Amino acid sequence: MFATESPDKPAIQVTDIAPDYEVNYKTGYIGFLNKGADVTSLGIAYFTGWDMISDIHVTHTLIVVGEDQCIEADMVNNTVKLCTLSKYFNDPNCQIFFRKPIFFNDSVGYAIAHKASLEVGKQYDFGAILTQGLSGSFPGRMLDRLLTGKLEELLGNLLNHPDKWICSELVAYALDEQLFYRDKGILKRPNSTISPQELFQDTEIFAPWKKSPPSETKTVTETITETKPETETGTETDLICK
(Lines give C-alpha, C1' and ligand atoms only; values in the text may rest on other atoms or scores of the structure.)
Protein backbone atom coordinates (compact mmCIF):
# COMPACT_ATOMS: atom_id res chain seq x y z
CA MET A 1 0.00 0.00 0.00
CA PHE A 2 2.18 2.88 1.19
CA ALA A 3 5.90 2.36 1.69
CA THR A 4 9.30 3.71 0.93
CA GLU A 5 12.50 1.71 0.93
CA SER A 6 16.20 2.42 1.03
CA PRO A 7 19.19 0.07 1.44
CA ASP A 8 19.86 1.21 5.02
CA LYS A 9 16.32 1.83 6.25
CA PRO A 10 13.32 -0.51 6.58
CA ALA A 11 10.05 0.22 4.82
CA ILE A 12 7.32 2.05 6.70
CA GLN A 13 4.80 -0.18 8.39
CA VAL A 14 1.31 1.27 8.62
CA THR A 15 -1.72 -0.24 10.31
CA ASP A 16 -5.31 0.91 10.62
CA ILE A 17 -7.04 1.17 14.00
CA ALA A 18 -10.69 1.78 14.77
CA PRO A 19 -11.44 5.44 15.57
CA ASP A 20 -12.19 5.84 19.29
CA TYR A 21 -12.98 9.42 20.29
CA GLU A 22 -11.27 10.56 23.50
CA VAL A 23 -8.92 7.56 23.24
CA ASN A 24 -6.96 7.85 20.00
CA TYR A 25 -8.18 11.27 18.84
CA LYS A 26 -9.69 14.27 20.63
CA THR A 27 -11.02 17.77 20.05
CA GLY A 28 -8.02 19.91 19.19
CA TYR A 29 -5.99 17.14 17.56
CA ILE A 30 -4.75 17.91 14.06
CA GLY A 31 -5.56 15.50 11.22
CA PHE A 32 -3.33 15.01 8.18
CA LEU A 33 -4.46 13.25 4.99
CA ASN A 34 -2.62 11.09 2.52
CA LYS A 35 -4.72 10.19 -0.50
CA GLY A 36 -3.82 8.15 -3.55
CA ALA A 37 -4.41 5.12 -5.70
CA ASP A 38 -1.86 3.09 -3.71
CA VAL A 39 -3.69 3.64 -0.40
CA THR A 40 -6.06 1.06 1.06
CA SER A 41 -7.10 2.19 4.51
CA LEU A 42 -10.11 2.35 6.81
CA GLY A 43 -10.18 4.13 10.16
CA ILE A 44 -7.15 5.80 11.69
CA ALA A 45 -3.68 5.18 10.27
CA TYR A 46 -0.82 4.51 12.65
CA PHE A 47 2.81 3.85 11.76
CA THR A 48 5.85 2.87 13.78
CA GLY A 49 9.09 4.77 13.56
CA TRP A 50 9.39 8.49 14.25
CA ASP A 51 12.43 8.73 11.98
CA MET A 52 10.24 7.71 9.01
CA ILE A 53 7.60 10.42 9.34
CA SER A 54 9.07 12.37 6.43
CA ASP A 55 8.48 9.35 4.16
CA ILE A 56 4.72 9.81 4.50
CA HIS A 57 3.38 12.40 2.08
CA VAL A 58 0.38 14.43 3.29
CA THR A 59 -1.56 16.95 1.23
CA HIS A 60 -4.36 18.20 3.50
CA THR A 61 -4.83 19.06 7.15
CA LEU A 62 -7.80 19.72 9.45
CA ILE A 63 -8.77 20.37 13.06
CA VAL A 64 -10.84 17.92 15.12
CA VAL A 65 -13.79 19.66 16.82
CA GLY A 66 -15.91 16.66 17.84
CA GLU A 67 -16.35 12.89 17.61
CA ASP A 68 -17.38 13.06 13.95
CA GLN A 69 -16.62 16.69 13.21
CA CYS A 70 -13.70 18.66 11.89
CA ILE A 71 -13.05 22.11 10.48
CA GLU A 72 -11.15 22.42 7.22
CA ALA A 73 -10.48 24.90 4.44
CA ASP A 74 -12.09 23.35 1.35
CA MET A 75 -10.65 24.46 -2.00
CA VAL A 76 -13.36 22.72 -4.08
CA ASN A 77 -16.19 24.56 -2.33
CA ASN A 78 -14.17 27.74 -1.73
CA THR A 79 -14.95 27.86 1.97
CA VAL A 80 -13.89 27.05 5.52
CA LYS A 81 -16.45 24.53 6.71
CA LEU A 82 -17.55 22.11 9.40
CA CYS A 83 -17.65 18.57 8.03
CA THR A 84 -17.64 14.93 9.13
CA LEU A 85 -14.55 12.89 9.96
CA SER A 86 -16.33 9.68 8.95
CA LYS A 87 -16.00 10.60 5.28
CA TYR A 88 -12.25 10.16 5.76
CA PHE A 89 -12.44 7.20 8.15
CA ASN A 90 -14.57 5.31 5.60
CA ASP A 91 -12.63 6.25 2.47
CA PRO A 92 -10.34 3.35 1.44
CA ASN A 93 -8.31 5.73 -0.73
CA CYS A 94 -7.44 7.99 2.18
CA GLN A 95 -5.20 7.68 5.21
CA ILE A 96 -5.80 10.11 8.05
CA PHE A 97 -3.11 10.54 10.70
CA PHE A 98 -3.82 12.47 13.90
CA ARG A 99 -1.16 14.38 15.76
CA LYS A 100 -1.45 15.67 19.31
CA PRO A 101 0.06 19.07 20.14
CA ILE A 102 2.57 19.12 23.00
CA PHE A 103 1.32 20.22 26.44
CA PHE A 104 -2.11 19.06 25.33
CA ASN A 105 -5.10 18.96 27.66
CA ASP A 106 -8.84 19.36 27.09
CA SER A 107 -8.73 23.13 27.64
CA VAL A 108 -5.98 23.55 25.05
CA GLY A 109 -7.88 21.32 22.62
CA TYR A 110 -11.09 23.29 22.94
CA ALA A 111 -9.18 26.58 22.57
CA ILE A 112 -7.67 25.35 19.27
CA ALA A 113 -11.10 24.18 18.05
CA HIS A 114 -12.78 27.44 19.10
CA LYS A 115 -10.23 29.57 17.27
CA ALA A 116 -10.81 27.57 14.09
CA SER A 117 -14.60 27.73 14.48
CA LEU A 118 -14.53 31.54 14.27
CA GLU A 119 -13.29 31.22 10.68
CA VAL A 120 -16.09 28.93 9.43
CA GLY A 121 -17.81 30.45 6.40
CA LYS A 122 -14.80 32.41 5.19
CA GLN A 123 -13.43 31.84 1.70
CA TYR A 124 -10.53 29.75 0.48
CA ASP A 125 -7.30 31.67 -0.13
CA PHE A 126 -6.24 30.91 -3.70
CA GLY A 127 -3.55 33.57 -3.44
CA ALA A 128 -1.80 31.62 -0.68
CA ILE A 129 -1.94 28.45 -2.79
CA LEU A 130 -0.37 30.38 -5.68
CA THR A 131 2.34 31.58 -3.30
CA GLN A 132 3.26 28.03 -2.32
CA GLY A 133 3.08 26.83 -5.92
CA LEU A 134 5.32 29.59 -7.25
CA SER A 135 7.87 29.29 -4.47
CA GLY A 136 8.03 25.51 -4.92
CA SER A 137 8.70 25.68 -8.68
CA PHE A 138 12.21 25.37 -10.10
CA PRO A 139 12.39 29.08 -11.11
CA GLY A 140 10.97 29.94 -7.70
CA ARG A 141 13.67 27.96 -5.89
CA MET A 142 16.37 29.64 -7.94
CA LEU A 143 14.94 33.08 -7.20
CA ASP A 144 14.63 32.13 -3.54
CA ARG A 145 18.39 31.57 -3.42
CA LEU A 146 18.96 35.03 -4.78
CA LEU A 147 16.58 36.45 -2.18
CA THR A 148 18.26 34.48 0.63
CA GLY A 149 15.21 32.37 1.40
CA LYS A 150 12.71 35.22 1.48
CA LEU A 151 10.76 34.57 -1.74
CA GLU A 152 7.82 32.77 -0.15
CA GLU A 153 7.44 35.43 2.50
CA LEU A 154 7.55 38.21 -0.10
CA LEU A 155 4.98 36.44 -2.28
CA GLY A 156 2.82 35.85 0.77
CA ASN A 157 2.80 39.55 1.57
CA LEU A 158 1.74 40.29 -2.00
CA LEU A 159 -0.80 37.52 -2.64
CA ASN A 160 -2.09 36.33 0.73
CA HIS A 161 -5.54 37.56 1.76
CA PRO A 162 -5.74 38.17 5.54
CA ASP A 163 -9.39 37.05 5.76
CA LYS A 164 -9.18 33.89 3.61
CA TRP A 165 -7.57 30.52 4.32
CA ILE A 166 -5.88 27.46 2.89
CA CYS A 167 -5.95 24.28 4.99
CA SER A 168 -2.47 24.45 6.49
CA GLU A 169 -2.66 28.20 7.03
CA LEU A 170 -5.88 27.77 9.05
CA VAL A 171 -4.40 25.00 11.20
CA ALA A 172 -1.16 26.94 11.72
CA TYR A 173 -3.18 30.00 12.71
CA ALA A 174 -5.32 28.08 15.23
CA LEU A 175 -2.15 26.69 16.82
CA ASP A 176 -0.17 29.93 16.62
CA GLU A 177 -2.91 31.74 18.54
CA GLN A 178 -2.21 29.54 21.59
CA LEU A 179 0.59 30.71 23.90
CA PHE A 180 1.99 27.17 24.14
CA TYR A 181 2.74 27.06 20.41
CA ARG A 182 3.15 30.68 19.33
CA ASP A 183 6.20 31.03 17.08
CA LYS A 184 7.46 27.54 17.91
CA GLY A 185 8.96 25.31 15.24
CA ILE A 186 7.50 25.89 11.79
CA LEU A 187 5.15 28.50 13.28
CA LYS A 188 8.06 30.94 13.31
CA ARG A 189 7.22 31.41 9.63
CA PRO A 190 4.16 33.31 8.32
CA ASN A 191 1.15 30.96 8.52
CA SER A 192 0.34 31.37 4.81
CA THR A 193 3.73 29.96 3.78
CA ILE A 194 3.44 26.69 5.77
CA SER A 195 2.49 23.52 3.90
CA PRO A 196 0.62 20.50 5.36
CA GLN A 197 3.82 18.43 5.06
CA GLU A 198 5.88 20.95 7.02
CA LEU A 199 3.29 21.01 9.80
CA PHE A 200 3.05 17.21 9.86
CA GLN A 201 6.80 16.80 10.31
CA ASP A 202 7.26 19.47 12.97
CA THR A 203 8.99 18.17 16.09
CA GLU A 204 8.43 21.20 18.35
CA ILE A 205 4.64 21.58 18.10
CA PHE A 206 3.59 17.92 18.18
CA ALA A 207 4.38 14.98 20.42
CA PRO A 208 6.01 12.09 18.53
CA TRP A 209 4.55 8.61 18.24
CA LYS A 210 5.56 5.74 20.47
CA LYS A 211 7.24 2.75 18.91
CA SER A 212 4.49 0.31 19.90
CA PRO A 213 0.89 0.28 18.63
CA PRO A 214 -1.82 1.43 21.08
CA SER A 215 -2.87 -1.21 23.62
CA GLU A 216 -6.30 0.30 24.19
CA THR A 217 -7.41 0.11 20.55
CA LYS A 218 -7.84 -2.83 18.26
CA THR A 219 -5.75 -3.17 15.13
CA VAL A 220 -8.29 -3.90 12.42
CA THR A 221 -6.17 -4.05 9.27
CA GLU A 222 -2.54 -4.07 8.39
CA THR A 223 -2.07 -1.91 5.34
CA ILE A 224 1.51 -2.89 4.63
CA THR A 225 3.67 -5.85 5.49
CA GLU A 226 7.44 -5.94 5.20
CA THR A 227 9.90 -8.61 6.23
CA LYS A 228 12.69 -6.24 7.21
CA PRO A 229 13.06 -5.56 10.94
CA GLU A 230 12.37 -2.02 12.09
CA THR A 231 15.12 -0.08 13.81
CA GLU A 232 14.59 1.35 17.28
CA THR A 233 14.30 5.11 17.64
CA GLY A 234 13.90 5.37 21.41
CA THR A 235 10.80 7.54 21.19
CA GLU A 236 8.87 7.55 24.45
CA THR A 237 5.99 9.99 24.04
CA ASP A 238 2.28 9.75 23.30
CA LEU A 239 0.80 7.85 20.42
CA ILE A 240 -1.25 9.81 17.96
CA CYS A 241 -3.17 7.99 15.29
CA LYS A 242 -4.68 8.44 11.91
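**Strand 5, its two hairpins and the nonpolar core**

Good morning. I shall begin with a turn: strand 5 and strand 6 form a hairpin with 4 residues between them, and within that turn N78 has a positive phi of about 55°. Please bear in mind throughout that this is a predicted model.

Let me stay with this hairpin for a moment. Strand 6 covers residues 79-83, and its antiparallel pairing with strand 5 comprises 5 bridges. One pair of facing residues is D74 and T79, the latter belonging to strand 6.

Strand 5 also has a partner on its other side in sequence. Strand 4, residues 60-66, runs antiparallel to strand 5, and 3 bridges join them. These two strands likewise make a hairpin, here with 2 residues between them. Across this pairing, C70 in strand 5 lies opposite V64.

How many of the residues in strand 5 are buried? Strand 5 spans residues 69-74, and 5 of its 6 residues are buried, so I would call the strand mostly covered.

I turn now to the nonpolar core. The largest one holds 53 residues, and the members that touch the most others are Y25, L85, F98, L175, L187 and L199. Which element gives the most to this core? That element is helix 6, residues 167-176, with 7 residues.

Finally, consider L187 individually. Setting aside neighbours within four places in sequence, L187 is in contact with A172, L175, D176, Y181, I194, L199 and I205. Two of these partners, L175 and L199, were named a moment ago among the core members that touch the most others.

Thank you for your attention.

Conventions
Residues are numbered from 1 along each chain as its sequence is written. This is a predicted model: local features need pLDDT of at least 70, side-chain atom pairs count only at pLDDT 80 or more; totals for chains, interfaces and linings use all residues. Side-chain values use heavy atoms; hydrogens and water are left out. Buried means under 20% relative accessible area, exposed over 50%, partly exposed in between (1.4 Å probe, protein chains only). Two strands pair if DSSP finds at least two bridges between them. A nonpolar core is a set of buried Ala, Val, Leu, Ile, Met, Phe, Trp, Tyr and Cys residues joined through side-chain atoms within 4.5 Å. Contact means heavy atoms within 4.5 Å.
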